[in-house]
Amino acid sequence: MSQEIKEREPMFSPKNMRLITNPFNKENPITVQVLGICSALAVTVKFEPAFMMALSVIAVAAIGNTIISVLRNTIPSRIRIIVQLVVVALLVILVDQILKAFSYDVSKQLSVFVGLIITNCILMGRYEAFAMQNKPWPSFLDGLGNGFGYGLILLLVAAFREIFSPSGSLTLPFFGTVKIVPQAFFDMGYVGNGMAILPPMALISVAIIIWIQRSRNEDLQEN
Amino acid sequence: MKAIRNILDSVKPHVQKGGKYHAFHSLFDAAETFFFVPNHVTTKGSHIRDAVDMKRTMFIVVVSLIPALLFGMWNVGNLHFKSLGESVGLFDAFSYGFIKVLPLIIVSYVVGLGTEIIFAQKRGHEVNEGFFVSGMLIPLILPVSTPLWMVAVAVIFAVIFGKEVFGGTGMNVVNPALLTRAFLFFAYPQSMSGDAVWISEKADAYSGATPLAELASNNGSGLSITEMIIGNYPGSIGESSFIAIMIGAAILLYTGVASWKLMLSFFAGGLAMGLLLNGMQDLFPHNNYLDFPAYQHLLIGGFAFGGVFMITDPVTAAQTETGKWIYGFLGGVIAIIVRVLNPAFPEGVMLSILLVNVLSPLIDYFVVENNIKRRMKRAKLSQAKI
């Protein structure tokens, strides 16, 4: 009898909270699992598109995870990838339309990369690895956490690249462009780094983040 | 010498393990091995330690760079006064160039060695002398008017991302000096290309375009063969003089520091591609550059410098003997292709050598595999006979 009365797990139990916090460090999708690298290289030239991209991925990951998790017992395992694809495609189209409606300029800057969220490895990875085996609420948190982990790296890379680019400013969403490098520097002969607007700099900055993270975190160091 | 030995001996106890200034031990090691041949001996196996260690090898390369450096200094001064319409003596031109070039050399060495020493301290290994050569190569392949802070940024980048992350001297995939230049080229193109950067403080009316830029815009190089060989035309500091570079090449080949196969194949590749393009002029009627005599390609721009000092870098070059031929030849071919067919890059030597640097492990792999296959076949044949 006592076995049937199972204690319900509290909504924000430590285990659930870890689903959100782990992707920030030990299970970061970009720096540790090396997923979603393509968009991290492509949309991080400026801060604002990177921010919108991060928001979109967070939304698609969290909502998609929940949907897959709700459906998980009804999806035949043979066609599960197709079902996951349909869900992610649906959400991406929604996000794309919303972006077009409410922030057209950014949507133009992101161009195909919103559509390419469909192929972002993080999403399919989480659907397949987590949502298919877990209940909706943990799945939602997991999607949120992975989205945040992805977004954090995206924003770090974008900020780094835009500050050191020839413009020396930062385009913040809702606040407009903010000059970071003071004009006095430019007058003294400072020139922004032209490589910051080329894709190699994204690779280098991701590499620097990975380097810092691994040197601080012993668990991640490989022998 | 005795005095230096005494100083070093008096400092030694303080920097050894347990000493007060142990943190500076790598600096001490570097100084000690710089002045004296280290008395390391092998402890196991029958390996023989040659007295010509890395430091001596590197020193020979630096010596072989001196003709190009001295000529470059004179050329900087000469072009400066020429652009102003003044004619000055040899010494005045040289001293002007000396003052302009020296800061570049100092920044390159101080920043590069500083970065290396910091890494050596952190990682607990010795300071290597690898930067000894790179530090001299870097100023020679830059335009004279490069701002010093840009040089510093690029050197830090190249030492960290070209060398230290791969494990330090001897482990690097690409040539650190060329990486420095490539970084500057893509990060600060306005200071690395165009007509204004090659002559220091030039008069506005004087065209400072390099002969390669003139060729790329279909104007012809405007140089006689003698001028090409002597090298008194605008360009990176050390690259212009063919004759000075050839003196360096003679030193390198005589001492056996550089591989003659790499040098020869690089020049052969450039010549072959030049001849091929000469024959293809009809296909590109609007690009007169293709008609440029193939042998002159080897004389102007950075081709000779790259072929003598860059392609022969023993770390980044192919290691197998057959691989060396392929590696050098490919480098020469690509350099001329980029130079002639891509108008965005008047000079292709830097890009081509970086590209073959990256390809060299692949070349070695195929050479080794091929060798294994051939010998396996021979082994099977001889077995079949029995």
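# Reading the two chains of a predicted model

In this predicted model, residues 24 or more positions apart account for 77% of the contacts in chain A that have a separation of 6 or more.

User: What makes up the secondary structure of chain A, and in which pattern along the sequence?

Analyst: Chain A comes to ten helices and two strands. Read along the sequence, the pattern is α-α-α-α-α-α-α-α-β-β-α-α. The C-alpha trace of chain A spans about 80 × 45 × 30 Å along its principal axes.

User: What makes a residue of chain A count as buried, and what percentage of the chain does so?

Analyst: The criterion is 20 or more other C-beta atoms within 10 Å of the residue's own. Of the 223 residues in chain A, 38% are buried.

User: Why is chain B called as compact as a globular protein of its length?

Analyst: The radius of gyration of chain B is 23 Å, and the globule rule gives 21 Å for 386 residues; the two values are close, so chain B is as compact as a globular protein of that length. Its secondary structure comes to 16 helices and zero strands. Along the principal axes, the C-alpha trace of chain B spans about 75 × 70 × 35 Å, and 44% of the 386 residues count as buried.

User: What percentage of the contacts in chain B between residues at least 6 apart in sequence join residues at least 24 apart?

Analyst: For chain B that percentage is 69%.

User: Why is helix 12 of chain B called oblique to helix 15 of chain B?

Analyst: The axes of helix 12 (residues 260–279) and helix 15 (residues 321–341) of chain B cross at roughly 40 degrees and come within 7 Å. Angles under 35 degrees count as roughly parallel, and those from 65 to 115 as roughly perpendicular. A crossing of roughly 40 degrees falls in neither class, and therefore helix 12 of chain B is oblique to helix 15 of chain B.

User: Is that crossing left-handed or right-handed, and which residue classes form the contact?

Analyst: Helix 12 and helix 15 of chain B make a right-handed crossing. Their contact has 16 nonpolar, seven polar and three charged residues.

User: How many residues does each chain give to the contact between chain A and chain B, and of what class are those on the side of chain B?

Analyst: Seven residues come from chain B and seven residues from chain A. On the side of chain B that touches chain A, helix 7 (residues 176–187) gives the most, with three residues. By class, that side of chain B has seven nonpolar, no polar and no charged residues.

Notes. Residues are numbered from 1 along each chain as its sequence is written. Chains are lettered from A and ligands numbered from 1 in the order in which they are written. This is a predicted model: local features need pLDDT of at least 70, side-chain atom pairs count only at pLDDT 80 or more; totals for chains, interfaces and linings use all residues. Helices (H or I, at least four residues) and strands (E, at least two) are DSSP runs, numbered from the N terminus. The radius of gyration is taken over C-alpha atoms; the globule rule is 2.2 Å times the number of residues to the power 0.38. A residue is buried if 20 or more other C-beta atoms lie within 10 Å of its own, exposed if 12 or fewer, and partly exposed in between; C-beta atoms are placed from the backbone. Two residues are in contact if their C-beta atoms, placed from the backbone, lie within 7 Å. Ala, Val, Leu, Ile, Met, Phe, Trp, Tyr, Cys and Pro count as nonpolar, Asp, Glu, Lys and Arg as charged, and the others, Gly among them, as polar. Axes are lines fitted to C-alpha atoms, for helices over the stretch in contact, and angles run from 0 to 180 degrees between N-to-C directions. Angles under 35 degrees count as roughly parallel, over 145 as roughly antiparallel, 65 to 115 as roughly perpendicular and the rest as oblique. A crossing is left-handed if the near helix is turned anticlockwise from the far one by less than a right angle, and right-handed if clockwise.
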